[in-house]
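The following account is meant to be read with the sequence and the model side by side. Please keep both in view while moving from the overall fold to particular sites.

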Amino acid sequence: MGKVGLREQAEDPAAPGVRRLRAGGWRWTFALFVAVAMVVGGVALAVLVDRAADELLRTGARADGTIEAVHELRNGSLLDIRYPLAGRSRTTTIQANSGRYAAGDHVTVVVDPARPARVRTVEEPNEDPRVLAAAVALLVVGGVTLPIAVLRRIRWAKRLAAARRTGWCPAVVTVVPDRRLAAKNHHAPDLEIRYDDGTTATARGAHAFGVAALGDRPRRPAWVAGYGPNLSVLFREGPGGGPFLVPATERASR
């Protein structure tokens with residue numbers, strides 16, 4: 001990247017640059033906590049559903065039921081079961097996930113006396129598939145997001161440490177949008193950097209969001225801090241006005 005040092009300027013980029021680097025880190029810290037909460041929530045929801053089904057099996061009233069119809073589904077089946085309760089004949093539909101059933105089969109029905117709508121059989125817990133799907137969705141989304149958030153949080157911490165180590169150097173930067181942007185493939189743009197001492201460098205932005213809009217004018221005033229994969233480019237004015245930080249990876253320097 002060339003020699004980088006904090007220089008006396010009318011505008012001091014250290015404060016806004018560090019603020020934006022910290023903000024980037026805090027965003028991924030928040031994403032990390034959300035991912036952990038989703039994983040924990042998914043596990044807790046699945047455990048609660050299983051415990052509720054087990055509790056009903058232990059404490060519910062039992063009755064002899066007869067399967068009147070079987071409706072095959074992609075995963076499992078639905079059983080229409082008729083059973084007696086408190087001297088009345090009742091019918092319920094139960095989600096079956098194991099075993100093969102046919103009309104006329106006899107099953108043992110377990111009913112919650114306080115909430116007759118809560119019904120299962122001895123073999124089938126009859127867990128609400130919507131609740132189970134929600135638990136699985138929380139686990140999948142949280143599990144995928146968690147390692148990404150950890151890696152991104154570490155990267156932003158490294159960028160902040162690198163910026164503090166090198167300081168901020170004034171430069172002019174030309175944003176070169178990826179040619180595939182026209183095809184809506186939002187690849188990050190290249191950044192052509194020229195420092196005040198004549199040193200030049202090429203970097204690749206970490207993302208395309210908002211950066212491509214800066215390609216309308218070459219040689220924009222900026223400050224650059226960090227090095228290698230932990231480069232930070234702070235434009236004096238970005239989309240929406242005010243300083244605009246672009247995390248980047250240095251590709252070559254001269």
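The paragraphs below take up the fold, the two helices, the pockets and a few loop residues in turn.

The structure is a predicted model. Its secondary structure consists of 2 helices and 11 strands. Followed along the sequence, these elements are arranged as α-β-β-β-β-β-α-β-β-β-β-β-β. The protein has 254 residues, and 37% of them count as buried.

The two helices may be considered next. The first, α1, covers residues 14–59, and α2 covers residues 129–166. How do α1 and α2 lie relative to each other? Their axes come within 7 Å and cross at roughly 155°. An angle over 145 degrees counts as roughly antiparallel, and α1 and α2 are therefore roughly antiparallel to each other. The crossing of α1 and α2 is left-handed. The contact of α1 with α2 is made up of 27 nonpolar, 8 polar and 7 charged residues.

The discussion now turns to pockets. Rolling a probe the size of a water molecule over the atoms shows where empty space is left. The largest pocket of this model encloses about 520 Å³. Its lining comprises 16 residues, and those that lie nearest the centre of the pocket are R27, W156, H207, L245 and P247. Which elements supply at least two residues each to this lining? They are α1, α2 and β11, the last of which spans residues 244–253. The largest share comes from α2, which provides 5 residues of the lining. Sorted by class, the lining of the largest pocket contains 10 nonpolar, 1 polar and 5 charged residues.

The second largest pocket has a volume of about 240 Å³. Among the residues that line the second largest pocket are V49, A52, A53 and L56, together with R115, R118 and V119. The lining also includes P125, N126, E127, D128 and V131. Which element gives the most to this lining? It is α1, with 4 residues. By class, the lining of the second largest pocket divides into 7 nonpolar, 1 polar and 4 charged residues.

N126, one of the residues lining the second largest pocket, also deserves attention for its backbone. It is located in the loop between β5 and α2. Most residues other than glycine have a negative phi. In N126, however, phi is near 55°, a positive value in a residue other than glycine. Is N126 buried, partly exposed or exposed? Buried means under 20% relative accessible area; N126 has a relative accessible area of 22%, so it counts as partly exposed.

The loop between β5, residues 119–121, and α2 also holds E123. The relative accessible area of E123 is 48%, and exposed means over 50%; E123 is therefore partly exposed. Between E123 and G99 there is a separation of 24 residues in sequence, while their C-alpha atoms are 8.6 Å apart in space.

A further positive phi occurs at R219, where the angle is near 55° in a residue other than glycine. R219 is placed in the loop that connects β8, residues 200–205, with β9, residues 220–227.

Methods
Residues are numbered from 1 along each chain as its sequence is written. This is a predicted model: local features need pLDDT of at least 70, side-chain atom pairs count only at pLDDT 80 or more; totals for chains, interfaces and linings use all residues. Side-chain values use heavy atoms; hydrogens and water are left out. On a 1 Å grid over the protein atoms alone, a cavity is a set of points where a 1.4 Å probe fits but cannot get out, and a pocket is an open set with protein on both sides within 12 Å along at least five of seven lines; lining residues have an atom within 4 Å of a point. Grid points are joined across faces, edges and corners, and a volume is the space filled by probe spheres set on the points. Ala, Val, Leu, Ile, Met, Phe, Trp, Tyr, Cys and Pro count as nonpolar, Asp, Glu, Lys and Arg as charged, and the others, Gly among them, as polar. Axes are lines fitted to C-alpha atoms, for helices over the stretch in contact, and angles run from 0 to 180 degrees between N-to-C directions. Angles under 35 degrees count as roughly parallel, over 145 as roughly antiparallel, 65 to 115 as roughly perpendicular and the rest as oblique. A crossing is left-handed if the near helix is turned anticlockwise from the far one by less than a right angle, and right-handed if clockwise. Buried means under 20% relative accessible area, exposed over 50%, partly exposed in between (1.4 Å probe, protein chains only).
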